[in-house]
Amino acid sequence: MKLQSLVNFENLNKIYQADHGKFHALKNINLKINKGELIAVVGASGSGKSTLMNILGFLDRPTSGKYIFLENEVSKLKDEKLSEIRNKKIGFVFQSFFLLPRLSALQNVMLPIQYRDKISKNAKQQALSMLQKVGINHLASNKPKQLSGGQQQRVAIARSLINDPEVILADEPTGALDSKTSSDVMDLFLKLNKEEKRTIIIVTHDKEVSRLCNRIITLEDGAIVEN
Amino acid sequence: MQLISYIKEGLNNLFALKLRSILALTGILVGTASVVAMVSCGELATNEALKQFKTLGTDLLAVSLSDAREDKNSFASEKKLSLNDAVDIGKINNIIEVAPYTQLYQPMIFNGHELNGGVMGVTESFANIVHVDIDKGRFISTFDKYAMYCVVGFNVANKIKSFSGLNALGQQIQVGKNIFTIVGTTKKWPENSFVYANIDNAIMVPILTTMALSKYTSINNIILRLSPDAKIKIVQDNINNYISERLASKQTFFRSAEELVARMAKQSQIFTVFLGLIGSISLIVGGIGVMNIMLVSVVERRREIGIRIAVGAKKTDIKKLFLIEAIMLSLLGGALGVFLGVLISLIMSKIWHWEFTFFLLPPLVGFTVSVAIGVFFGFYPVYNASQMNPIDALKSD
């Protein structure tokens, strides 16, 4: 099978304007990511992992350089269009889950559907089957508060999957979990990568996590030192 | 995202933040209620003030005579308008009915009890023109001339009844040194601003009698009924000519119903606008309340905003989410406020014994303005929310 390019960074730079001068967060990043990869992004804190992740997910824009996502040149797109692509093609998983506390697990999973152009009639069914995929469909009506950390992260993963995205961006997904639930969550990611051929990019500093990925990108002071 | 789901979500959020929503709601509610109540009460008061003209008609013209110059000999007889001259004003074009009257201040005594009130000298036409309705007996007649008959006002009749236990009709009252026989009693008189006296507290006697009783009595007031197509200005000029031909030293002063109505309406319009302005201040305070609550809400829900952006919400989605909350707050506050405002004006009308009428305009304006205020003051926080950087929003605790 021919490898399809998903992400292409060309000479990408990110410079923050801080109080005490400029901060060069990413330096001349060149990076190609193909569909179906399982990638770990590692590096010390402050090395630029999170910035890289934010730019990947259009939450932030690069200062210079080219970012091509599925044949779209991101810097040329408007916020509206980026929101649409983010909604359809990118699923986020965060360290502290980021579920809306007032909504039930099921409603949280359905949240991305609300921002689609067309809302399918069986949204609820879809959300339930996603919860089933991550193994917690019996907790659908629970509020996040009533769920354990591992269960909350499963809800977040189900939410990231609901719009059938091209890529899942996971920012320290196991950072707030104990080792047992960490490995459960990682098993889930591995399964999604293997069985559904989903592209998954995980930012982590956990060796146990990066060890399981097929490709490791190491950042140091905003530059890729190992790929 | 569809409107219905925005509304559902907005309601959920407002319910989740109960106390805060109630506070914001109360601000708008009180503001709207005060605008609606104040403007409605202003309108009711206007209506009440103008009500007298409905019974009286707007075709009345009152003429008052006064001395042009301070003249020490002003009681010289040739300086008085005679009854005949007064009645002949009716010959001027467009004047249908003439009612001259005089006022006399002499102590009135019944059975040793003092009756406080004035004595009015009237003609037969007076009853018809200023709507004095007879309860028992009859009114003063042209044939009474100099007779010592009187018709007593509603309150005077009641007093006499309470002093003697007898019906006033047929009793006798001492006025100054003379004894008058009561030939009629009147019903309660709807006050109006054409007669400078309260007829309920007065007794009415033939006008010639008052002129004979005291040489100081003169006809200084005449009430006229004009034909409907009369041009008031022309009639006034004609009356001026008529008077100056006879009494050069007299000055005339006119009050027409039309002019009075216009002046009253204008006055109460200013009054109503003023009340509305006072009400608006509280409405603005309510709006600032909404703004405050929404600002806090946006800051507190920064993370939620970040999450929504991360799952694909556009700026407009975020705007709609908060704007709908602001609109729902002010809609609900406005609706309850209108209800409360109308209720207050109803209660006020009961307290003041005003006739209650439902005015559509104040509630409509109050409601619209309250919603506009909510949206206006909600907009800044909403804009803030939509401009939030998702990374910062997600980082916040």
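In this predicted model, the contact between the two chains draws 18 residues from chain A and 18 residues from chain B. On the chain A side, two helices, α2 (79-89) and α3 (105-114), each put in at least two of the residues that touch chain B. The top contributor on that side is α2(A), with five residues. As for chemistry, the residues of chain A that touch chain B split into eight nonpolar, four polar and six charged.

Next comes the sheet in chain A. Six strands line up in an open sheet, in the order β6-β7-β8-β3-β9-β10, and their pairing is mixed. At the edges sit β6 (90-93) and β10 (223-226) of chain A; each has a single partner strand, so one side of each has no neighbour in the sheet. The strands don't lie perfectly lined up, either: neighbours in this sheet are turned by 25° against each other on average, if direction is ignored.

It helps to zoom in on one pair from this sheet. Strand β3 (residues 38-42) of chain A runs parallel to strand β8 (residues 199-203) of chain A, and four bridges join the two. Within this pairing, A:L38 stands opposite A:I200 of β8(A). What holds such neighbours together is a general feature: strands of a sheet pair through backbone hydrogen bonds, either parallel or antiparallel.

Chain B shows both kinds of pairing around one strand, β7(B). On the parallel side, β7 (residues 149-152) of chain B is joined by four bridges to strand β9 (residues 178-186) of chain B, and here B:V152 stands opposite B:T185. On the antiparallel side, two bridges link β7(B) to strand β10 (residues 203-206) of chain B. In that pairing B:V151 has B:M204 of β10(B) opposite.

Back in chain A, one residue is worth a look of its own. A:I29 is found in strand β2 (residues 21-34) of chain A. Is A:I29 buried or exposed? With 23 other C-beta atoms within 10 Å, A:I29 counts as buried, because the cut-off for that label is 20 or more. Setting aside residues up to four places away in sequence, A:I29 touches A:F9, A:L12 and A:I224. The last of these, A:I224, falls within β10 (223-226) of chain A, one of the edge strands of the six-stranded sheet. A:E10 also turns up in this neighbourhood: A:I29 and A:E10 are 19 residues apart in sequence, yet their C-alpha atoms are 6.5 Å apart in space.

Notes. Residues numbered from 1 in each chain as written. Chains lettered and ligands numbered in written order. Predicted model: local features only at pLDDT ≥ 70, side-chain atom pairs only at ≥ 80, totals over all residues. Contact = placed C-beta atoms within 7 Å. Nonpolar A, V, L, I, M, F, W, Y, C, P; charged D, E, K, R; others polar. Buried ≥ 20, exposed ≤ 12 C-beta atoms within 10 Å, placed from the backbone. Pairing = 2+ DSSP bridges. Axes fitted to C-alpha atoms, helices over the stretch in contact; angles between N-to-C directions.
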